[in-house]
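Please load the model alongside its sequence. The report below goes through helix packing, nonpolar cores, backbone details and a few single residues.

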Amino acid sequence: MFLIASWGSSGAGKTTLSIAVASALAQRKKDVLILSSEMWTPELPVLLPTVTGLTGNNSIGPILTTTELTEASLKDRMIRHPKSSHIFCMGLVSGETAAFTYGPPTRSAAISLFQLLGQTPFHYVIVDCDSNPLYDQTTLAALEYTQLGLMTLTPDTKGYEFRKAQLGWLGNSDVFHTDRFIKIANPVFSHTPIKEAQALFGGFDYTLPFATQVAEKMMAGELLTSFNTTPGVVFERSVSRLADQIEIEEEKVHAGNSSKNT
């Protein structure tokens, strides 16, 4: 299992990017789990808007307050995407908030969950993180244990100040590897002063254009593939290149682990 943290500033499209990356990897026959650590807004209705009838038995909430986890306890909480047999999702169900419905998630429970997921057949686990890790133990643990981070930022002063403030304390810790984060600008509108933003941020690894078709597919519960508008095609191509890089980084990690065991 290769752990990816999708994290960044508010409004930068972290959830959209999680679905987009999962869609690209699923096209390559890779099994992907999207795990939402959003504890205030239920994400299963966002990730899977056409899936109905989900109850607390399908929620991630209970397992984030206990360390007594088994693969059986996860089974009904991994919801398959109706458009792909390779994508599964975990998160809160409609009407829930973690703290009030189940109690605040704990660090030990989050770590136990990641360890258990490491024993599952998923190629990738993408944690759709909360913007503020200080208020969410699952996000904090994901940022600590991630093997690759996708830092999605609005290409404006707000996104810049978010990155500056967060890296100010993350970068001073021995447990957070900020060098593992890919810097992504999203959404880039036609009127976005992207050259000025590039200069302010010191460049981006990827820039994703705003595409109405992306938003439409998200609302409809579709996979973020097969676009037929120019912004959509550019978005999909950029995400495909990102998926290429993810596979390369995964190979590097696995090669490093293999050399340590010999």
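What follows is a short tour of a predicted model.

## Helix 5 against helix 6

Start with helix 5 (residues 107-117) and helix 6 (residues 137-145). Their axes come within 8 Å and cross at roughly 50°. That angle is neither under 35 degrees nor in the 65 to 115 range, so helix 5 counts as oblique to helix 6. The crossing of the two helices is right-handed.

Which residues make the contact? Helix 5 supplies Arg107, Ala110, Ile111 and Phe114. Helix 6 supplies Gln137, Thr138, Ala141, Ala142, Glu144 and Tyr145. By class, the residues of this contact divide into 6 nonpolar, 2 polar and 2 charged. In an α-helix there are 3.6 residues a turn, so residues three or four places apart point the same way.

## Helix 6 and its surroundings

Is helix 6 mostly covered or mostly open? It is mostly covered, with 7 of its 9 residues buried. The buried residues are Thr138, Thr139, Leu140, Ala141, Ala142, Leu143 and Glu144. Thr138, Ala141, Ala142 and Glu144 thus appear both in this buried set and in the contact with helix 5.

Several elements pack against the buried residues of helix 6. The strands are strand 1 (2-8), strand 2 (32-36), strand 5 (124-128) and strand 7 (181-188). The helices are helix 5 and helix 7 (157-170).

## Two nonpolar cores

In soluble globular proteins, nonpolar side chains tend to be buried together. The largest nonpolar core here has 40 residues. Ile60, Leu113 and Leu117 touch the most other members. Helix 5 gives this core its largest share, 6 residues.

What does Leu113 touch beyond its neighbours within four places in sequence? Its contacts are Leu35, Ile60, Ile63, Leu64, Leu69 and Leu74. Ile60 is therefore a contact of Leu113 as well as one of the core members touching the most others. A second core is separate and has 38 residues, among them Leu25, Tyr124, Ile126 and Leu223.

## Backbone details

One peptide bond deserves a check. The bond from Asn186 to Pro187 is cis, and its omega is near -5°. Pro187 is found in strand 7.

Two residues other than glycine have a positive phi. Lys29 has a phi of about 65°. Lys29 sits in the loop between helix 1 (14-27) and strand 2. Its relative accessible area is 60%, so Lys29 is exposed. Ser226 has a phi near 60°. The loop that holds Ser226 runs between helix 9 (212-220) and helix 10 (230-260). Ser226 counts as exposed because its relative accessibility is 56%.

## Three residues in context

Leu153 belongs to strand 6 (residues 148-153). Is Leu153 buried or exposed? At 0% relative accessibility, Leu153 counts as buried. Leaving out neighbours within four places in sequence, Leu153 contacts Ser9, Ala12, Gly159, Phe162, Arg163, Lys183, Ile184, Ala185, Asn186 and Phe201. Asn186 in that list is also the residue that precedes the cis bond to Pro187. Leu153 and Met219 are 66 residues apart in sequence, and their C-alpha atoms are 21 Å apart in space.

Ser84 lies in the loop between strand 3 (79-80) and strand 4 (87-90). With a relative accessible area of 7%, Ser84 is buried. Beyond neighbours within four places in sequence, Ser84 is in contact with Ala26 and Leu223. Leu223 is included in the second nonpolar core. The C-alpha atoms of Ser84 and Glu222 are separated by 9.5 Å, with their positions 138 residues apart along the chain. Asp156 lies in the loop between strand 6 and helix 7. Its relative accessible area is 35%, so Asp156 is partly exposed. Not counting residues up to four places away in sequence, Asp156 touches Leu200 and Phe201. Phe201 is also among the contacts of Leu153. Asp156 and Pro209 are 53 residues apart along the chain, with 14 Å separating their C-alpha atoms.

Notes
Residues numbered from 1 in each chain as written. Predicted model: local features only at pLDDT ≥ 70, side-chain atom pairs only at ≥ 80, totals over all residues. Heavy atoms only, no water. Axes fitted to C-alpha atoms, helices over the stretch in contact; angles between N-to-C directions. Helix = DSSP H or I, 4+ residues; strand = E, 2+ residues; numbered from the N terminus. Parallel < 35°, antiparallel > 145°, perpendicular 65-115°, else oblique. Left-handed = near helix turned anticlockwise from the far one by under 90°. Contact = heavy atoms within 4.5 Å. Nonpolar A, V, L, I, M, F, W, Y, C, P; charged D, E, K, R; others polar. Core = buried A, V, L, I, M, F, W, Y, C linked by side-chain atoms within 4.5 Å. Buried < 20%, exposed > 50% of the residue type's maximum accessible area, 1.4 Å probe, protein only.
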